[in-house]
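Welcome! Here is a short briefing to help you find your way around a new structure. Take a moment to look it over, and then read on.

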Amino acid sequence: PARAQAEGDYTVAKGDTLGKIAAKLKPAEVSLDMMLVALYKANPDSFNGNNMNRLKSGQILTVPDAAAAKATSASEARGVVVAHSADFNAYRNKLAGQVATSAPDKTR
């Protein structure tokens, strides 16, 4: 199970999502979207494809404080989350298309 390493750090466990982590760690006065963006901005190398939905397992995330999380307005944070979601959905659809168009190895 994942647990905090030191004050302000979080180790990503297999199966963790940024949403789960943000919900667990966010201060009460910070929206989920604001915390998602703050975690993403504080740990840019912890994500594949520069997308917050593609978090790498085993990473040690720096957890920003409430002031850092509030640096992005709620509306701006929402826009970033929506953009990353759209990009991630395009990525997943591309992968699904590759699987659907690949030929089977053998016919029975």
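## A first look at helix α4

In helix α4, four residues are buried: Ala-77, Val-81, His-84 and Phe-88. An α-helix has 3.6 residues a turn, so residues three or four places apart point the same way. The buried residues of α4 pack against α2, which covers residues 32-42. Please keep in mind that this is a predicted model.

**The chain as a whole**

- The protein chain contains four helices and two strands.
- Read from the N terminus, its elements follow the order β-α-α-β-α-α.
- The protein chain has 108 residues, and 29% of them count as buried.
- Its accessible surface comes to about 6900 Å², and carbon and sulfur atoms account for 52% of that surface.
- Among contacts in the protein chain with a separation of 6 or more, 59% are between residues 24 or more positions apart.

**How confident the prediction is**

- The mean pLDDT of the protein chain is 86, and 87% of its residues reach 70 or more.
- Residues 1-6 are a place for caution, since pLDDT stays under 50 there.
- For residues 1-6, the model has eight contacts beyond four places in sequence.

**More on helix α4**

- Helix α4 runs over residues 74-101, which gives it 28 residues.
- From its first C-alpha to its last, α4 reaches 40 Å, close to the 40 Å expected at 1.5 Å a residue.
- Val-80 also has its place in helix α4.
- Is Val-80 buried, exposed or partly exposed? Val-80 counts as partly exposed because its relative accessible area of 24% falls between the cut-offs of 20% and 50%.
- Not counting residues up to four places away in sequence, Val-80 touches Val-37 and Met-52.
- Val-80 and Met-52 are 28 residues apart along the chain, and their C-alpha atoms are separated by 9.5 Å.

**Helix α2, a mostly covered helix**

- Helix α2 is mostly covered, with eight of its eleven residues buried.
- The buried residues of α2 are Asp-33, Met-34, Met-35, Leu-36, Val-37, Ala-38, Leu-39 and Tyr-40.
- Which elements do the buried residues of α2 pack against? They pack against α1, β2, α3 (residues 66-69) and α4.

**The largest nonpolar core**

- The largest nonpolar core has 20 residues, and Ile-21 and Met-52 are the ones that touch the most other members.
- Three helices, α1 (residues 18-25), α2 and α4, each supply at least two residues of this core.
- The biggest share of this core comes from α2, which gives seven residues.

**Ile-21, a residue of that core**

- Ile-21 lies in helix α1.
- Ile-21 has a relative accessible area of 0%, so it counts as buried.
- Which residues is Ile-21 in contact with, leaving aside its neighbours within four places in sequence? The answer is Tyr-10, Val-12, Asp-16, Leu-39, Leu-55 and Leu-61.
- Ile-21 and Met-35 are 14 residues apart in sequence, and from C-alpha to C-alpha they are 9.3 Å apart in space.

**Two asparagines in the loop between α2 and β2**

- Asn-50 is found in the loop between α2 and β2, and Asn-51 lies in the loop between α2 and β2 as well.
- Are these two residues buried or exposed? Asn-50 is exposed, with a relative accessible area of 57%, whereas Asn-51 counts as buried because its relative accessibility is 1%.
- The phi angle of Asn-50 is near 50°, a positive value in a residue other than glycine.
- The side chain of Asn-51 reaches the backbone oxygen of His-84 at 2.9 Å; His-84 is one of the buried residues of α4.
- Not counting residues up to four places away in sequence, Asn-51 touches Tyr-40, His-84, Asp-87 and Phe-88.
- Two of these partners have appeared above in other roles: Tyr-40 is among the buried residues of α2, and Phe-88 is among the buried residues of α4.

Key:
Residues are numbered from 1 along each chain as its sequence is written. This is a predicted model: local features need pLDDT of at least 70, side-chain atom pairs count only at pLDDT 80 or more; totals for chains, interfaces and linings use all residues. Side-chain values use heavy atoms; hydrogens and water are left out. The expected span of a helix is 1.5 Å times one less than its number of residues. Buried means under 20% relative accessible area, exposed over 50%, partly exposed in between (1.4 Å probe, protein chains only). Contact means heavy atoms within 4.5 Å. A nonpolar core is a set of buried Ala, Val, Leu, Ile, Met, Phe, Trp, Tyr and Cys residues joined through side-chain atoms within 4.5 Å. A polar contact is a pair of N or O atoms within 3.5 Å; within protein, one must be able to donate a hydrogen and the other to accept it, and residues adjacent in sequence count only if both atoms are side-chain atoms. Accessible areas come from the Shrake-Rupley method with a 1.4 Å probe; for residues, only the protein chains shown count as cover. pLDDT is the predictor's confidence in each residue, from 0 to 100.
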